[in-house]
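Q: Hi! Could you walk me through this structure in plain words?

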Amino acid sequence: MGTKASNWWTFWGVLILAWAAFPLVWMASLAFKSPATFRDGDSGFFPSEWTWENFQTVFEDELFTSALRNSAGIAVIATLLSVIVAMFAAYAIARLEFRGKKLLLSMALGIAMFPQAALVGPLFNMWRGLGIYDTWIGLIIPYLTFALPLSIWTMSAFFRQIPWEMEQAAQVDGATAWQAFRKVIVPLAAPGVFTTGILTFFFCWNEFLLAASLTSTDRARTVPAALSFFTGASQFQSPVTAVMAASVVVTIPVVVLVLLFQRRIVAGLTAGAVKG
Amino acid sequence: MTVTETPAGPDEPATEPDGKAPVSDRLRHERKLGFRLSAPAFIVMILVTAYPLGYALVLSLYSYRLTDPDGREFIGLQNYMTVLTDPIWWSSVSTTAIITVVSVAIELVLGFAFAWVMYRIIKGRSFVRTAILVPYGIITVVSAFIWRYAFQLDSGFVNSWFGLGDFNWFGERWSSLFVITFSEIWKTTPFISLLLLAGLVQVPEELQEAAKVDGATPWQRLWKVVLPNMKAAIMVAVLFRTLDAWRIFDNPFIMTAGANDTETLSFLAYRQNVTLVNLGAGSAVSVLLFLTVVLIAFIFIKGFKTDLSQVRGDD
């Protein structure tokens, strides 16, 4: 046992590392290939000539920059709203006894399993009737809905671990109810709320089906949808290298968040998922 | 916790006929507050899912194209007949089923192996756990593009690395499905492996040691000790991944746009409703898709005889 076995595990760990990172290297390597040499058959793994040209192309493209704005705005607003709404619900679930608690949890679970595609038709039609087709709000509403179940489950799992008696102890020590809540409970709850926020942001940043169905112009089209409809500056230009450059740009926030909050994301993903 | 300290809500009567006034006041107050706090979540979730689903149910009974709004007409179950007798529906069902079964099966094995490595590894543990989150966080459309370009003839390295010449992966059904499933597996194995890791750490180490002392082989320990003790985690992981894979849309949309019989059920719903604006038949597809999801969830929960709310840590 000992070092030899430990080395083996490290070896397998490195393989996992490669498995996760390899496609990203490929993405970056395509993004740095010059479109001209790429057309002439630069099909090696790494570019024969490195260039920033593709990044220039995508940032000059109004379609991409507006999609980036839309994605960021919609994801941030939907995340904030869903975290706030879910926070109330999760507090109630973790703390209070009330009728409908079970129902709320089962409903959240049901919606987590809901096939979004089943809503594409009705929402498409209703949103047009309401005049919110192809607007931010038209995406924020369904994102909020589909982010809520995850938020409620993870947050109530976090909230359950808070020793609520501490609040009473603080009150006994002379703090008002509000002070006790703010000084004791809020700091304990904050990490769970924050973690839920990151997971929700990932969901909104990633969502494609609704974005593709409920938008038609660069007014509200988010990055995943814009990427899928991107055909290159001209029809003769292969969009491959530009699409990859855009992909690199939108992957950076994800990688940064993962690097910064790795522990919390793991905790969030597994909290509420497995009894513990 | 003393119940008498809690003040009654202002609009509540101070006493109850049964004489247990303070308790029921407090309870009523709590119930009310609980309901108020969770009401927004209730309302949003119902408004955006149940209502449109009901609307889809109604629409599915009509012949209705957005391009021909005047031709709207009640036709009963005929849309369902049309959909269910169309080979396109059944091809989508089989495509979706193949992707789901293959990807979940492979992910379960691979995810368990990953979880095991992350459990045992000492050097660079947090490194590996960080790396595995990257595929999870990446946009599915981006991952679909990455793998599509890797397998594509003009841009990819796969053919030259594996000496496949000019084999066109996206030229036929099975190879297209292979690439779609491959991309799905790359992207979602982290999810399953993290859930399994969470289950794995809850298996008491002493049990394994005891089995070892009793002379159980590693294989026996795995099947008799480890796996039974993480049944709940496996159940949750498989259920969630199955339902998730059943709704697959992004990968086939980007990789094949549904060519060569690679259209999935979500894709079919999208195409009928949005591309063809055939809202009558599209709604029938939506309702049927919803029913298949309900059916799968039902089979799982009955089959595993597990109360899911319990698995999810609700008490």
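Here is a chat about the interface, the charged pairs and a few single residues.

Q: Before we start, what kind of model is this?
A: It is a predicted model.

Q: Okay, how many residues does each chain put into the contact?
A: Chain A gives 96 residues and chain B gives 101 residues.

Q: And what area do they bury between them?
A: Chain A and chain B bury about 8800 Å² between them, and 77% of that is on carbon and sulfur atoms. On the chain A side, A:Trp9, A:Trp19 and A:Met113 supply 9% of the area buried against chain B, more than any other three residues.

Q: Which helix of chain A gives the largest share of that side?
A: That would be helix α1 (residues 3–31) of chain A, with 15 residues. By class, the side of chain A that touches chain B has 70 nonpolar, 19 polar and 7 charged residues.

Q: How many salt bridges cross the interface?
A: The rule finds 0 salt bridges across the interface of chain A and chain B. It does find 9 residue pairs in polar contact there, with both residues at pLDDT 80 or more.

Q: Then how many salt bridges are there over all chains?
A: The structure holds 9 over all chains. As background, side chains of opposite charge can pair when their charged atoms come close.

Q: Let's take chain A. Which residue does A:Glu62 pair with?
A: A:Glu62 forms a salt bridge with A:Arg69, and their closest N and O atoms are 3.4 Å apart. A:Glu62 is partly exposed, at 45% relative accessible area.

Q: What about A:Glu97?
A: A:Glu97 forms a salt bridge with A:Lys101, with the closest N and O atoms 3.6 Å apart. A:Glu97 is partly exposed at 46% relative accessibility, whereas A:Lys101 is buried at 13%.

Q: Over to chain B. What does B:Arg120 meet in a salt bridge?
A: The side chain of B:Arg120 meets that of B:Glu205, at 3.9 Å from N to O. This pair links distant parts of the chain: B:Arg120 is in helix α3 (residues 87–120) of chain B and B:Glu205 is in helix α9 (residues 205–213) of chain B, 85 residues apart. B:Arg120 counts as partly exposed at 28% relative accessibility, and B:Glu205 is partly exposed too, at 30%.

Q: Which residues are joined into one network by shared partners?
A: Salt bridges that share partners join B:Glu107, B:Glu184, B:Arg241, B:Asp244 and B:Arg247.

Q: I see B:Glu107 there. Which residue outside that list touches B:Glu107?
A: B:Thr189 does, and B:Thr189 also touches A:Trp19, B:Leu110, B:Gly111 and B:Phe114, not counting residues up to four places away in sequence.

Q: Where is B:Thr189, and is B:Thr189 buried or exposed?
A: B:Thr189 sits in helix α8 (residues 173–200) of chain B. B:Thr189 is buried because its relative accessible area is 0%, and buried means under 20%. The side chain of B:Thr189 reaches the backbone oxygen of B:Ile185 at 2.6 Å.

Q: New topic: helix α3 (residues 53–60) of chain A. Which residues are buried there?
A: A:Asn54, A:Phe55 and A:Val58 are buried in that helix. They cover an arc of only 100 degrees around the axis, so they lie on the same side of α3(A). On the other side of α3(A), A:Gln56 and A:Glu60 are exposed.

Q: Which residue that is not a glycine has a positive phi of about 65 degrees?
A: That is A:Asp134, found in the loop between α6 (117–130) and α7 (136–160) of chain A. For context, most residues other than glycine have a negative phi.

Q: And which one has a positive phi of about 55 degrees?
A: B:Ala257, which is not a glycine either. B:Ala257 lies in the loop between α12 (250–255) and α13 (265–275) of chain B.

Q: Are those two buried or exposed?
A: A:Asp134 counts as buried at 4% relative accessibility, whereas B:Ala257 is exposed at 53%.

Q: Last one: what is the secondary structure of chain B?
A: Chain B has 15 helices and 2 strands. Buried residues make up 54% of its 315 residues.

Note on methods. Residues are numbered from 1 along each chain as its sequence is written. Chains are lettered from A and ligands numbered from 1 in the order in which they are written. Side-chain values use heavy atoms; hydrogens and water are left out. Contact means heavy atoms within 4.5 Å. Buried area is the accessible area (1.4 Å probe) that two parts lose on being put together, summed over both. A salt bridge is a side-chain nitrogen of Lys or Arg within 4 Å of a carboxyl oxygen of Asp or Glu. A polar contact is a pair of N or O atoms within 3.5 Å; within protein, one must be able to donate a hydrogen and the other to accept it, and residues adjacent in sequence count only if both atoms are side-chain atoms. Helices (H or I, at least four residues) and strands (E, at least two) are DSSP runs, numbered from the N terminus. Ala, Val, Leu, Ile, Met, Phe, Trp, Tyr, Cys and Pro count as nonpolar, Asp, Glu, Lys and Arg as charged, and the others, Gly among them, as polar. Buried means under 20% relative accessible area, exposed over 50%, partly exposed in between (1.4 Å probe, protein chains only). The arc is that of the directions from the helix axis to the C-beta atoms.
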